[in-house]
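Dear colleague,

I am passing on the model we spoke of, with the sequence and coordinates below. My notes follow it, and I would be glad if you read them with the structure open.

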Amino acid sequence: MKKIAVLTSGGDAPGMNAAIRAVVRTAIHNGIEVMGVQRGYAGLINGELFPMNRSSVSDIIQRGGTILRTARCLEFKQEEVRKEAAQILADNGVDALVVIGGDGSFTGAKLLSKLGVKTIGLPGTIDNDLTYTDYTIGFDTALNTVVDAIDKIRDTSTSHERVSIVEVMGRNCGDIALHTGVACGAEYIITPEKGYDKDELCKVILEGKKSGKMHNLVLLAEGVGGASELAKYVEAQTGIETRATVLGHIQRGGSPSAFDRVLASRMGSKAIELLMEGKTSRVVGIKDNEIFDQDIDEALALDRKFDEKLYEISEEISK
């Protein structure tokens, strides 16, 4: 192993820079050259590679986003495009590629590995929707960002005795909604995994009003969607002023939490360790606070698991 490349792909996530830093410095510490790939797979097929050194990743561990930038690349689904990418890596003397991203990014890494490119994947996504690992890089920071926003929304919601429906990100995974809903004491949490009944929601809100609640907080995962429409329905059915807030991309940004910085550093170091051992087509994860690796095909084939116990807890303590 003489030279590797690293890229970030898909949606950005706080902690990606910490992962890049760990990959670059661990590789250099072990005598391996590093090249950065700008703009993910799109940059790879355009030959946007550049050499990186220890200084390249100075003063980035605390920064959100990704210094390598990122982009979607639908063309990468085409085998001919992937063959071009593999040839570009070979032409630059790159022996292996570290990919930081979500399930789509991992799929690209898996397909590249079938063309003979050594690949290791690091889970970088705020959605926490990769089943094989307990946590993905960026999830903890996103949670803290949402909690901070909701705490502020609660102040104005209480002052006006309103219902606040807050839509959070996560695609088809309800982890952000569930975890922040518990952390913020939401009266109702709506996730793609559990669904919901509009009339039951209105009943809960009215019962809360009768019991003296000054406000009601509803967490809505984007995989269910439609915060504005739901707010109109709730107000019409309950007669209580209802406001919708879509937090949007604020959840992706910001300085990564200490947890995400440490997690990214541990995973980045593990990626180089695996490549030095001659391993390929692996993904890095964390289970019970232990960093581990798994076959990328096995990891992507796992069915999504929802934390039913935490959802039960939220039901018991929210009303």
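Two strands are taken to pair if DSSP finds at least two bridges between them, and the elements themselves are DSSP runs numbered from the N terminus, helices being H or I over at least four residues and strands E over at least two. Please bear in mind that this is a predicted model, in which local features need pLDDT of at least 70 and side-chain atom pairs count only at pLDDT 80 or more, while totals for chains, interfaces and linings use all residues. Residues are numbered from 1 along each chain as its sequence is written, and side-chain values use heavy atoms, with hydrogens and water left out.

The seven-stranded sheet

With those terms in hand, strand β1 (residues 3-8) is joined to β2 by four bridges, and the two run parallel. Within that pairing V6 is set opposite G36 of β2, and I4 faces V34 of β2. On the β4 side, five bridges connect β1 to strand β4 (residues 96-101), again in parallel, with I4 opposite A96. Strand β2 is in turn linked to β3 by four bridges, but this pair runs antiparallel, and V34 stands across from M52 in β3.

These strands belong to an open sheet of seven, in the order β3-β2-β1-β4-β5-β10-β11, whose pairing is mixed. Because β3 (49-52) and β11 (290-295) stand at the edges with a single partner strand each, one side of each is left without a neighbour in the sheet. From one strand to the next the twist averages 30 degrees, where axes are lines fitted to C-alpha atoms (for helices, over the stretch in contact) and angles run from 0 to 180 degrees between N-to-C directions. Further along the order, strand β5 (residues 118-123) and strand β10 (residues 282-287) are parallel and share two bridges, with I120 placed opposite R282 of β10.

How enclosed are these strands? For burial I use relative accessible area, with buried meaning under 20%, exposed over 50%, and partly exposed in between (1.4 Å probe, protein chains only). Six of the six residues of β1 are buried, so β1 is largely enclosed by the rest of the structure. Both of its faces are covered, with K3, A5 and L7 buried on one side and I4, V6 and T8 buried on the other. Strand β2 (residues 33-37) is mostly covered, four of its five residues being buried. The two strands also form a right-handed β-α-β unit with helix α1 (residues 16-29); a crossover is called right-handed if, with the strands pointing away from the viewer, the path from the first strand over the helix to the second runs clockwise.

The four-stranded sheet

A second open sheet has four strands in the order β7-β8-β6-β9, with parallel pairing. Its edge strands are β7 (188-190) and β9 (242-246), each of which pairs on one side only, and here the twist averages 15 degrees from one strand to the next. Three bridges join β7 to strand β8 (residues 216-221), the two running parallel, and I190 has L220 of β8 as its bridge partner.

The largest pocket

The search used a 1 Å grid over the protein atoms alone, where a pocket is an open set of points with protein on both sides within 12 Å along at least five of seven lines, the points being ones where a 1.4 Å probe fits, and lining residues have an atom within 4 Å of a point. The largest pocket holds about 500 Å³ of space. It has 27 lining residues, and those closest to its centre are S9, G10, R72, G104 and S105. Helices α2 (40-45) and α4 (103-113) are the elements that give two or more residues to this lining, with α4 supplying the largest share, six residues.

Local points

Two residues other than glycine have a positive phi: S281, near 55 degrees, and N289, near 65 degrees. S281 lies in the loop between α9 (258-276) and β10 and, at 10% relative accessibility, counts as buried, while N289 is found in the loop between β10 and β11.

With best wishes

Conventions. Grid points are joined across faces, edges and corners, and a volume is the space filled by probe spheres set on the points.
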